[in-house]
Amino acid sequence: LLALGDGASALAITDECARSFPDSRTVWVRAGKAYTTLKQYDRAVSALNRALAIPPGADPEAGLVEVGNEVIENMLGIAYAEQERWAQAAHHFRRAISGELRLPGTYCNLGRAEMRSGDSPASERAFLAALQLDPQCVEAHANLGLLYAASQQYEAAVKHLDQAFAGGTR
């Protein structure tokens with residue numbers, strides 16, 4: 001329904017599922033995703049925190065694949081970032097990468113949150129970690145270029161911006 005642009009129906013179904021299956025981690029994760037898509041970030045945070053409170057493996061609705069805590073932490077980071085609550089976003093992105101979710105995009109999420117919080121060294125570390133995972137990560141190169149330009153490290157800025165403009169992944 002979300003893909004069809006019917007946010008009201010998606011919201012009603014999400015709310016009904018949450019009421020019907022209050023102990024389902026899967027339902028709360030899906031609710032968090034739906035609320036984020038609908039830009040209802042406080043509800044997304046609440047739903048995702050409910051999902052985290054349910055221990056992995058305790059959800060009979062999960063089937064064969066269950067969403068791990070790291071993915072939920074990343075989703076929480078995104079919900080906070082959308083509200084420009086950068087410190088909370090960075091906290092959840094750090095928790096996401098402390099587990100097994102070591103994806104370039106998660107490190108880039110952390111880097112952006114750290115940059116917006118004003119912590120340039122932490123931001124740089126996050127973007128460099130993304131590049132260790134994927135040396136062609138356009139998002140990491142572009143953000144490093146901007147970060148270095150802001151600190152007047154123009155040679156490094158040009159290098160990363162050139163690599164970003166040359167293309168690559170993400």
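The legends below describe close-up views of a predicted model.

**View 1. Helix 7 and helix 8 as a crossing pair.** Two packed helices are described by the angle between their axes and the distance between the axes. Here the axes of helix 7, which spans residues 120-133, and of helix 8, which spans residues 138-150, come within 9 Å and cross at roughly 150°. Because angles over 145 degrees count as roughly antiparallel, helix 7 and helix 8 are roughly antiparallel to each other. The crossing that helix 7 and helix 8 form is left-handed.

**View 2. The residues at the contact of helix 7 with helix 8.** From helix 7, the residues S120, S123, E124, F127, L128, A130 and L131 take part, and they meet A140, H141, N143, L144, L147 and Y148 of helix 8. By class, the residues of this contact comprise eight nonpolar, four polar and one charged.

**View 3. The surroundings of E114 in helix 6.** E114 lies in helix 6, which covers residues 104-117, and with a relative accessibility of 8% E114 counts as buried. The side chain of E114 is joined to that of R94 by a polar contact of 2.6 Å. When neighbours within four places in sequence are left aside, the residues in contact with E114 are A90, R94, D119, A122 and S123; S123 is also among the helix 7 residues that meet helix 8.

**View 4. G105 in helix 6 and its separation from C137.** G105 is likewise placed in helix 6, and its relative accessibility of 9% means that G105 counts as buried. Although G105 and C137 are 32 residues apart along the chain, their C-alpha atoms are separated by 8.6 Å.

Key:
Residues are numbered from 1 along each chain as its sequence is written. This is a predicted model: local features need pLDDT of at least 70, side-chain atom pairs count only at pLDDT 80 or more; totals for chains, interfaces and linings use all residues. Side-chain values use heavy atoms; hydrogens and water are left out. Axes are lines fitted to C-alpha atoms, for helices over the stretch in contact, and angles run from 0 to 180 degrees between N-to-C directions. Helices (H or I, at least four residues) and strands (E, at least two) are DSSP runs, numbered from the N terminus. Angles under 35 degrees count as roughly parallel, over 145 as roughly antiparallel, 65 to 115 as roughly perpendicular and the rest as oblique. A crossing is left-handed if the near helix is turned anticlockwise from the far one by less than a right angle, and right-handed if clockwise. Contact means heavy atoms within 4.5 Å. Ala, Val, Leu, Ile, Met, Phe, Trp, Tyr, Cys and Pro count as nonpolar, Asp, Glu, Lys and Arg as charged, and the others, Gly among them, as polar. Buried means under 20% relative accessible area, exposed over 50%, partly exposed in between (1.4 Å probe, protein chains only). A polar contact is a pair of N or O atoms within 3.5 Å; within protein, one must be able to donate a hydrogen and the other to accept it, and residues adjacent in sequence count only if both atoms are side-chain atoms.
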